[in-house]
Amino acid sequence: MKHVQKFVAVALMCTAAAFAPVTAQAETPADTLIQAWAIDDVISLDPAEVFEFTASEVLGNAYQGLVGYNVNDVSEIFGVVAEKWDISEDGKTFTFTIRDGMKFASGNPITAEDAVYTLQRAIKLDKSPAFILTQFGFNADNVDAMIRKTGDMTFEFEMDKAYAPTLVLYCLTSTVGFIVDSELVKSNEADGDFGYNWLKTNYAGSGAFSIRDWRANEAIVLERNDNYSGEAPPMARAIYRHIPETATQRLLIEQGDIDIARNVGAEEIEALSSNPDITVESGVKGSIYYFSLNQKNENLAKPQVRQAMKYLVDYATIADTIMKGKVITHQAFLPRGFLGALEETPFSLNVEKAKELLAEAGLADGFTVTMDTRNTNEITAIGQAIQQTMALAGITMELIPGDGQQTLTKYRARNHDIYIGRWGPDYQDPHTNADTFARNPDNSDDAASKPLAWRNAWDIPEMTAKADSAVLEADADTRAQIYIDLQKEHQQTSPFVIMFQEIEVLARRNNVENFIIGPSFNDNSFKAVTK
Amino acid sequence: MRALRLSATVAFTILGLLVVTFLIGRVVPVDPVLAVVGDRASQSTYDRAFVELGLDRPLYVQFGLYVEKAITGDFGESVLTKKPILDDLIYVFPATLELATVGIIIGTLFGIPVGVWAAVRQGKLVDQVVRILGLVGYSAPIFWLGLLGLLVFYAKWGLVAGPGRIDISYEYAFTRVTGLYLVDTAMQGQWGAFRNVVSHIALPGALLGYYSMAYIARMTRSFMLNELAQEYVVTARVKGVAEWRIIWVHALRNAAVPLVTVIALSYAGLLEGSVLTETVFAWPGLGQYLTNSLQNADMNAVLGGTLLIGIIFVGLNLLSDFLYTLLDPRVRRRS
Amino acid sequence: MTADPSRQGLSQWLLSEQPASRNQARLGQAWRIWLSFTSNRLGMVGLGIVLILVLVAIFADVIAPYNPLLGGDLRTERLLPPSMDHWMGTDDLARDIFSRVVHGARLTLMVVALVAIIATPIGLLVGTTSGYFGGWIDTVLMRITDIFLAFPRLILALAFVAALGPGIENAIIAIAITSWPPYARLARAETLSIRNAEHIDAIRLQGASSGRIIWGHVVPLCMSSVIIRVTLDMAGIILTAAGLGFLGLGAQPPQPEWGAMIAGGRRFLIDYWWVATMPGIAIFVVSLGFNLLGDGLRDVLDPKAQQQ
């Protein structure tokens, strides 16, 4: 059938012609920074609501807070939108003075009105991060009186107790304290929503970049803000592109389709390190990998079992293989870089010791437990490695995988045996982690707050009191000592097996310089990036 | 009368779709409030969101409200994207449509001639090869082929562009009008961007094309064999009509009638079922949107997306029915 | 033919044009089908593959050289390429991929078997009931079937798995729930063509209940065509299960399910190609086997296809 053959040949040629002249484009525009990152955690752009990693980094480059800190030495706190602040005799009231001559991207001047509006708004909206501010005794009813404008460029911030000043200031550096353009937001208010329905997908800030566009699970586009008070960023545009797969990001950066790959796994680090066009950079982040033992489980509630578990993790091997370059071994609840962080790592894999402890607990033959594992590559791999070492001591650990929301739902309902997870601090002050790992004011099932200690039904009235006392200690050294003592006790007795501290790794094309990896995500900055 | 019964069927099917997905959504062991407020929120924040989502009302009230709103085209707001579901769907659907259309065009373009060829050469080598190629198409996991394709054609050889619909450098070179990037770039004369889009769609399009080709070729073969055995073919041969005319004009025209249904169903399959392909190629289409929403218990989005899929299915069925009537002289005469 | 006379005798007995008993007729029929099936070379290849799958699944413990779940030394035995020690290499947790693939055969076979066991009766029951009674029962049942058909299979399975929680058991249930509608359609069509047959009428006149007629007489007649259809679908079932596994909703780690293994190996695709490629080949070969088998069966059993 010649005709048939001819037809097929023609069809083949047509298709070939359509695809043939195509070669992969391999250069990004000179004035645009393109990053690949899994941005599916972004659910809002409103500083009063933003909490997750990606969105806080975006806001960190697009907004400014009252105060900031040196990313290389977080103890050095300085004013940003605030020029200075004074603390009253009783330590309860801060008076902030706003810097002169600063503008929002819209062109509106920044005044005390904006700062007061921002803080009141966040408390009244009461979205997820609101607790960072409300822990100082604010609520929707009293905030108008407690945070008050005293002049065009000054306002007062009055708390219910004399909290440690660094705690207050660190809280104000977090995204919830980023100053919004009150005039612009008010003009988009509807039905008393404080402009929330508008701002969650729009922009009203004063940072180096303005947010032009956010398309969920696709891209975030930022543009240079010409009204920025600081040094103008070299890049005219910065784009985050949603690429969930680490292997795909690696391909893209190798091909030159992107400038920076933000999710780099242990395997990619190894492969990209040998690529002459690409530099791998890293910085220590505050997130902690841990697993925790629900004290409602009678086996796990035994102190010897808690202790034994800490000897049944091969910390060093995991950090050197499946998590290579991504973590360092760390066994206390305060991450390195925080005030009072404990850097001792007393535990390592010791099966004999663990067996002894189990025998002491009357469980010489081991027992069976389950571990709820979020189905991400890293958590699953760590979980499986732990499963293998647990088996050496006769503990049969079954993994129950689920997506993030599922495992979290179960964890918060205290229905797990063992939960493995990652915890990132909410702000730079040690209280953020002490609050959740070492405080449990009410262990009843219907408690109002659900810190990690509560989720594992760990009832610790004394430790809670100790953690509370640290919050009111104004002297930094004394305060640091309280946290060190707290961690030492916690390390030995708690049902938390803290394993690693996260290292953030990125891979950049060699020509891309000056990206700053800060200690928390809103410190990651591309303001100065050149290429 | 027929139209009435048809619309009753359609309405019933869509209502059924709503009930099934709504029930699924309510038994998901995920706290939908967590998707909104995250893990760290205080209890008062949590309670507020719980009420805002309407979760404090009885199940049937929630369902009633949903149906009531859905009728007016209001599917609520997505938890994840903070946009109305309808906007989201309108935004993501063109990506899926474009990919499926490229796939079905490739599938039809190759599938029909290959099927005809196999039918004409029944039992010969060509027929066997076509058969095996078809079986291979049915047997290989599409996500695996996609991965290997990316590895070879993108990572190793650099012949095609990588995952996604377009390079970022071209993303702002044109204005989004239809959402079909091939159409948009071509209409605006952005040929560089157009070629980039082609380069991106080539691999996933060819993959989906191969899958539908396997099916279309097989069905074409069987329809053609049926036709070639008919008396009119024999008569035509006796009359001395050229063989190519018999095959391509007489037989194929008759075989085309049932083929339309096959192609329509296969198209529907591509529109609905490219979840895995979209995952592998980071294709921001309906499949990815749905999977993502499902995993985050974003029920409004799931319901809206599922409804859209149901409507597409019913619509394509109606369309193939209509084309059938149009093409088949027997049915035409009857009605 | 100089074959053993007793065998020849058996063959003659089976192929006899005048069977003496009903059993002889049935056996003869089966023998003829088998004979014509064995002449289908591709079908035999498919049968061979499926038999190997079954054997591998049964003897997995003997065949697999290593433990499929517990890996070796993470520092020295991770991501090794295929070699004499590890025929398919090792994965990121230092586990032998060959052993995992072998044990994965069990999971695959279990999925296929359980889905068939769950979905076939549902389809048969709905289809025969619908076809036998007709009227409003038919309308309602077929509308429900249409609703299930209106979903893309994977999306519906996804939704069910999301509702039930990820895991191999739930994946099986979800796939079964999404697989029965075509069988119901088929069984209904078959029932329609036989419900007014004389022997059914006769049984009805004897006063048999509808339930008995359906289970005792209609279902067996629909059985063969439904079973062919199920066999044809098995490759699809395997691929759906693998797809769910790939999306992280099917079998869960550390279970050696092939789809989940591909998903796990995806990260290493560029430098360690074997991790994702090996289980992919396994899926491909097995579903090709089922496809060839189903294709061969159809050629033999479906008279319409035979004519062509």
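**Note on strand E7 of chain A and the chain B–chain C contact**

1. Thr93(A) sits across from Glu158(A), a residue of E7(A). This is a predicted model. The pair belongs to the antiparallel pairing of strand E5 (residues 93–98) of chain A with E7(A), which spans five bridges.

2. E7(A) also pairs with strand E6 (residues 147–149) of chain A; these two strands run antiparallel and are joined by three bridges. Here Ile147(A) has Phe157(A) of E7(A) as its bridge partner. The connection from E6(A) to E7(A) is a hairpin of four residues.

3. Which residues of strand E7 (residues 154–158) of chain A are buried? Phe155(A) and Phe157(A) are, and both point to one face. Thr154(A), Glu156(A) and Glu158(A) point to the other face and are not buried. In a regular strand, side chains alternate between the two faces of the sheet. Two of the residues named above as bridge partners thus fall on opposite faces of E7(A): Phe157(A) on the buried one and Glu158(A) on the other.

4. The second topic is the contact between chains. Chain C contributes 33 residues and chain B contributes 36 residues. On the side of chain C that touches chain B, the elements giving two or more residues are helix H6 (135–149), helix H7 (153–164), helix H10 (210–246) and helix H12 (274–301) of chain C. H12(C) supplies the largest share of that side, nine residues.

5. What is the makeup of the side of chain C that touches chain B, in nonpolar, polar and charged residues? That side has 23 nonpolar residues, six polar and four charged.

Terms used
Residues numbered from 1 in each chain as written. Chains lettered and ligands numbered in written order. Predicted model: local features only at pLDDT ≥ 70, side-chain atom pairs only at ≥ 80, totals over all residues. Buried ≥ 20, exposed ≤ 12 C-beta atoms within 10 Å, placed from the backbone. Pairing = 2+ DSSP bridges. Contact = placed C-beta atoms within 7 Å. Nonpolar A, V, L, I, M, F, W, Y, C, P; charged D, E, K, R; others polar.
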